[in-house]
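User: I would like to learn how to read a model like this one, feature by feature. Could you take me through it, giving the general idea before each case?

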Amino acid sequence: MAKVALEEKFKGKGTRKCRICGNARAVIRKYNLHICRRCFREVAEHINFRKY
Ligand SMILES: [Zn+2]
């Protein structure tokens, strides 16, 4: 049950960590991505994300 609570907490507001590598620096919270810039570059290729 504690594990579920942690996941809920992770999904909740206030989390500023990359959900891929756990890096808390330069995390992009826009578009509900919650990933850091480094992981974003990799993910962006998969989702065909364009630079705005
Ligand atoms: Zn990352």
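**Reading the model**

Analyst: A place to begin is Cys18, which sits in the loop between H1 and E1. The model is predicted, and Cys18 is buried in it, because 21 other C-beta atoms lie within 10 Å, where 20 or more are needed.

User: Which residues does Cys18 touch, leaving out those up to four places away in sequence?

Analyst: Setting those sequence neighbours aside, Cys18 touches Asn23, Val27, Ile35, Cys36 and Cys39. Phe40 is 22 residues away from Cys18 along the chain, and the C-alpha atoms of the two are separated by 9.4 Å.

User: Which residues make up the largest nonpolar core?

Analyst: The general idea is that nonpolar side chains tend to be buried together in soluble globular proteins. Here the largest nonpolar core has 5 residues in all, namely Cys18, Val27, Ile35, Cys36 and Phe40. Within this group, Ile35 touches Cys18, Val27 and Phe40, and its contacts also include Arg19, Ile20, Ile28 and Val43, again not counting residues up to four places away in sequence.

User: How many helices and strands surround these residues in the sequence, and what pattern does the protein follow?

Analyst: The protein has 2 helices and 2 strands, and read along the sequence it follows the pattern α-β-β-α. Of its 52 residues, 10% count as buried. Helix H2, residues 37-47, is hardly covered, since the count of buried residues among its 11 residues is 1.

User: Where is confidence lowest, and where is it highest?

Analyst: As a general caution, predicted coordinates should not be read in detail where pLDDT is low. In this protein the mean pLDDT is 76, and 63% of the residues reach 70 or more. Confidence is lowest in H1, at a mean of 59, and highest in E2, at 90.

User: Is Arg16 buried or exposed, and which residues does it touch beyond four places in sequence?

Analyst: Arg16, like Cys18, is found in the loop between H1 and E1, but Arg16 counts as exposed because it has 12 C-beta neighbours inside 10 Å, and 12 or fewer is the cut-off for that class. Arg16 touches Ala24 and Val27, with residues up to four places away left out. Its C-alpha lies 8.4 Å from that of Ile28, and these two residues are 12 apart in sequence.

User: What is the phi of Ala26, and where does this residue lie?

Analyst: The general idea is that most residues other than glycine have a negative phi. Ala26 has a positive value, with phi near 55 degrees, and it lies in the loop between helix H1 (2-11) and strand E1 (27-28). Ala26 is exposed, because 12 other C-beta atoms lie within 10 Å.

User: What is the phi of His34, and what is the phi of Asn48?

Analyst: His34, a residue other than glycine, also has a positive phi, near 55 degrees, and is found in the loop between E1 and strand E2 (35-36). His34 counts as partly exposed because it has 19 C-beta neighbours inside 10 Å, and 20 or more would be needed for a buried residue. Asn48, which follows H2, has a positive phi near 55 degrees.

How values were computed. Residues are numbered from 1 along each chain as its sequence is written. This is a predicted model: local features need pLDDT of at least 70, side-chain atom pairs count only at pLDDT 80 or more; totals for chains, interfaces and linings use all residues. A nonpolar core is a set of buried Ala, Val, Leu, Ile, Met, Phe, Trp, Tyr and Cys residues joined through C-beta atoms within 7 Å. Two residues are in contact if their C-beta atoms, placed from the backbone, lie within 7 Å. Helices (H or I, at least four residues) and strands (E, at least two) are DSSP runs, numbered from the N terminus. pLDDT is the predictor's confidence in each residue, from 0 to 100.
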